[in-house]
Amino acid sequence: MFLVANWKMNMTRDRIGKYLDALDGRRLSSVLTGTRHEVVLAPTHVYLEYLSGEASRRDLPVRVFAQDVSTRTEGAFTGEVSVRNILDVGAVGSILGHSERRQYFRETDAEVARKTGLCLKGGAVPLVCFGESREEREAGKTLEILRKQVSGVAEEAAKASKNGLDTPVYLAYEPVWAIGSGANASCADIREVILAVREDFSWPAPPRILYGGSVNLENIASLAALEHLSGFLVGSAWLDPEVFLNSILALS
Ligand code: PEP
């Protein structure tokens, strides 16, 4: 399973140090022994270099992802952070199209697709979030929305593969109404979405699909039993390293 902690704008240098202390020693390595889980931590851009340096200094088996990248590659774009920038400071991929970016910063499907293409071209793993709002779900539009959000991403994956690039594409089904709300999607809902994503597009290789939205210690094991589910993207619960470690144990 691909296990991604989205720290959002919650961490400081001090708190990151304490988080890594908690994962240190026995802990993360032995918790991962005999499993095929991969652990990813996603801080804000300013902590990418600190986190990747500290993780490797402590020999922690974690990978570092950014939470977003620019639609531009380089040049006069004040305040933007490119794919090359994040790779340069130790990240290996980026979350893209998180619903908070779509909602608060008006990020469009076309921009998310463009960022996906730039990640694939630059050698960074894209983890693209998609998911419907409560109103869209109640109007029966879940599959329509996912097709709209994912089609450009699938086109970028096909283009990259045609160009001989083999960076994998990860997707995260994150229903907006489930994020931070305490209400997670049911296994049946997630199953339906996973099947639609796998079957409705021509992927060069089946994308790995994660689920995110109020995952916690109580529900993670039953969600993990879903066929074709490749991992979790978790916000609130995994701000606590003990819950993070116990979640991995619950999956083992
Ligand atoms: C998220 O923001 O990606 C997320 C899944 O948050 P939470 O786990 O808090 O619902």
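**Reading the barrel and the ligand site**

Leu 127 stands opposite Tyr 170 in strand 6. The model is a predicted one, in which local features need pLDDT of at least 70, side-chain atom pairs count only at pLDDT 80 or more, and totals for chains, interfaces and linings use all residues. Residues are numbered from 1 along each chain as its sequence is written, and side-chain values use heavy atoms, with hydrogens and water left out.

Me: What makes strand 5 and strand 6 a pair?
Reply: Two strands pair if DSSP finds at least two bridges between them. Strand 5 (residues 125–130) and strand 6 (residues 170–173) are joined by 4 bridges, so they pair, and they run parallel. Strands here are DSSP runs (E, at least two residues), and helices are runs of H or I with at least four residues, numbered from the N terminus.

Me: In what order do the strands close into a barrel?
Reply: The order is 1-2-3-4-5-6-7-8, with parallel pairing, and 8 strands take part.

Me: Why is Gly 235 said to make a polar contact with the ligand?
Reply: A polar contact is a pair of N or O atoms within 3.5 Å; within protein, one must be able to donate a hydrogen and the other to accept it, and residues adjacent in sequence count only if both atoms are side-chain atoms. A backbone N or O atom of Gly 235 lies 2.8 Å from an oxygen atom of the ligand, so the pair qualifies.

Me: Which distance places the side chain of Lys 8 in such a contact?
Reply: An N or O atom of this side chain is 2.4 Å from a ligand oxygen atom.
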